[in-house]
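Colleague: Could you take a close look at one part of this model for me? Pick a helix, tell me how it sits in the fold, and then work outwards from there.

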Amino acid sequence: MTPDTKSSAASCCIVGGGPAGLMLGYLLARKGIDVTVLEKHRDFLRDFRGDTIHPSTLDIIWQLGFLDEFLALPHQRAEKLYGEIDGQETTLADFSHLPTQCKFIAFMPQWDFLNFIAGKAAQLPNFRLIHNAQVLSLQEDKGQVSGVIAEVDGETQHFDAGLVIGCDGRNSIVREQAGMEVRRYGTPRDVLWLKIHKRPDDPQWSMGHRGPKKNFIMIDRGDYWQCGYSIPKGSLDLLKAQGIAPFLDLLTEVSPFERPRLQEDILSWEDVRLLVIRIDRLKEWAKPGLLCIGDAAHAMSPIGGVGVNLAIQDAVATANIITEPLKAGRLTLRHLKRIQRRRMFPTWATQALQIMISKAGQKQRKRAPSRLEIWLRGRKFIPFLFGRLIGVGFYREIPKL
């Protein structure tokens with residue numbers, strides 16, 4: 001150890017203070033396990049992150065005992081998701097029949113959600129959240145990960161831990177340093193995010209796809225519309241080269257907003273954010289002393305906004321499985337692999353559905369809808385089915401309290 005390093009120890013070191021990392025940190029600390037969460041940013045303030053809190057996640061917050069306090073934070077609610085098919089508005093998903101406490105998706109800035117969970121965790125004596133902590137590398141001892149080396153406020157520190165958990169997103173430094181194999185599944189499109197200020201006479205709309213080409217997304221964020229415009233992957237440079245005016249013309253064609261209104265809020269490309277869509281997952285989520293969950297284990301498409309929900313479910317499953325063996329000092333690779341086995345089906349099924357929807361949306365219709373398609377469109381159970389798949393998912397986790 002060099003003179004400019006420090007050493008600290010914890011039973012569990014979580015890399016990444018996102019939804020999975022903070023929820024897992026809270027659950028483990030609540031069970032008496034020493035937890036250190038390393039977050040590379042100084043705060044949680046970043047726009048256009050996953051801001052959807054699904055009914056199954058709200059159920060977890062209810063089970064933890066602070067749902068009413070959480071819902072007192074500013075948020076918007078969507079009991080249904082809407083879309084436009086053949087020029088007609090239709091209900092894509094309906095959450096009203098879900099077997100959950102809250103039958104809606106809550107839209108809340110992710111920094112409010114993260115600050116709330118971090119605040120609850122901070123009340124526990126064995127929880128530490130360290131901001132501005134950039135992980136540099138993993139520590140290993142006799143073939144097992146034994147901690148991380150991180151730069152905290154410009155100072156190198158060693159964090160020894162019985163278990164390191166990567167919750168640091170789709171660009172995970174943990175999985176990169178561990179040399180974990182990533183299986184990537186191509187996606188044909190990316191999304192451009194932008195904000196349009198609301199007006200009193202705007203129609204009531206919570207979330208959904210608007211426009212004849214179904215590639216314009218609108219989400220009610222209180223005083224503004226969070227809008228997404230789908231573009232072919234890799235085409236942003238070409239759009240930028242043409243200037244902002246032609247881009248506003250494209251938005252006018254597919255959005256419910258007139259061009260003068262769009263140009264009030266979108267003055268330049270500085271007002272547009274690119275989300276590069278990726279779908280991937282690790283072949284193996286764990287190695288001795290190390291586990292990856294959430295986006296670090298499986299990056300999701302924004303379709304359905306389910307990424308946060310799956311990350312939270314991963315965190316709950318992880319806490320349920322590792323708490324007792326970690327406390328007893330008998331955690332093995334077998335326990336970590338059990339987490340992947342439990343969470344693999346909902347991960348695979350959700351990604352497969354996203355890939356199918358993405359591909360279907362790119363096909364040019366060459367003939368009239370089939371009788372089966374017309375029949376399905378008229379079935380009242382379809383929105384409830386999609387409400388279940390989006391709001392709860394393929395498998396839900398319940399925390400062991």
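Modeller: Sure, let's take helix H9. This is a predicted model, so read everything below as computed from it. Of the 22 residues of H9, 19 are buried, so the helix is largely enclosed by the rest of the structure. H9 runs over residues 307-328, and from its first C-alpha to its last it reaches 32 Å, close to the 32 Å expected at 1.5 Å a residue. There is still a bend to look at: at Ile322 the helix turns by about 45°, with a proline, Pro325, following within four residues. Just after the helix comes Gly329, which takes a positive phi of about 75°.

Now the pocket beside it. H9 gives the largest share of the lining of the second largest pocket, 8 residues. That pocket has a volume of about 310 Å³ and a lining of 19 residues in total. The ones nearest its centre are Ala319, Asn320, Ile321, Thr323 and Lys400. H9 has company in the lining: helix H1 (19-30) and helix H10 (333-362), like H9, each supply at least two residues. By character, the lining splits into 9 nonpolar, 3 polar and 7 charged residues.

H10 also takes part in a salt bridge. Its Arg342 meets Glu397 side chain to side chain, at 2.9 Å from N to O. Glu397 lies in the segment after helix H12 (381-391) and Arg342 in H10, so this pair ties together parts that are 55 residues apart in sequence. The two ends sit in quite distinct surroundings: Glu397 counts as buried at 3% relative accessibility, while Arg342, at 37%, counts as partly exposed. Elsewhere, salt bridges with shared partners join Arg175, Arg184, Arg278 and Asp280 into one network.

The model has 15 salt bridges by the rule used here, and two others are worth walking through. Take Glu69 and Lys120, whose closest N and O atoms are 2.7 Å apart. Glu69 belongs to helix H3 (residues 67-71) and Lys120 to helix H4 (residues 110-122), so the bridge ties together parts that are 51 residues apart in sequence. Lys120 is the buried partner, with a relative accessible area of 15%, whereas Glu69 is partly exposed at 44%.

The other one pairs Glu264 with Arg199, and here the closest N and O atoms are 3.3 Å apart. This pair links distant parts of the chain: Glu264 is in helix H8 (residues 259-265), and Arg199 is in the loop between strand S13 (189-197) and strand S14 (207-210), 65 residues apart. Glu264 is exposed, with a relative accessible area of 52%, and that is over the 50% cut-off for the label. Arg199 is partly exposed, at 36%.

Stay with H8 for a moment. The loop between H8 and strand S17 (273-275) holds Ile266, which is buried with a relative accessible area of 1%. Its C-alpha is separated by 8.0 Å from that of Ile196, although the two are 70 residues apart along the chain. Ile196 falls within S13, given that strand's range of 189-197.

A second isoleucine tells a related story. Ile277 is found in the loop between S17 and strand S18 (279-282), and it is buried with a relative accessible area of 10%. Ile277 and Arg189 are 88 residues apart in sequence, yet 6.8 Å apart in space, C-alpha to C-alpha.

Last, a helix to set beside H9. Helix H2 (residues 55-64) is mostly covered, with 8 of its 10 residues buried. Among those buried residues are Pro55, Leu58, Ile60, Ile61 and Leu64, and the list also includes Ser56, Thr57 and Asp59. H2 is followed by Gly65, whose phi is positive, near 100°. For H9, the residue to look at in that position is Gly329, again with a positive phi, of about 75°.

Key: Residues are numbered from 1 along each chain as its sequence is written. This is a predicted model: local features need pLDDT of at least 70, side-chain atom pairs count only at pLDDT 80 or more; totals for chains, interfaces and linings use all residues. Side-chain values use heavy atoms; hydrogens and water are left out. On a 1 Å grid over the protein atoms alone, a cavity is a set of points where a 1.4 Å probe fits but cannot get out, and a pocket is an open set with protein on both sides within 12 Å along at least five of seven lines; lining residues have an atom within 4 Å of a point. Grid points are joined across faces, edges and corners, and a volume is the space filled by probe spheres set on the points. Ala, Val, Leu, Ile, Met, Phe, Trp, Tyr, Cys and Pro count as nonpolar, Asp, Glu, Lys and Arg as charged, and the others, Gly among them, as polar. The expected span of a helix is 1.5 Å times one less than its number of residues. The bend at a residue is the angle between axes fitted to the seven residues ending there and the seven starting there. Buried means under 20% relative accessible area, exposed over 50%, partly exposed in between (1.4 Å probe, protein chains only). A salt bridge is a side-chain nitrogen of Lys or Arg within 4 Å of a carboxyl oxygen of Asp or Glu.
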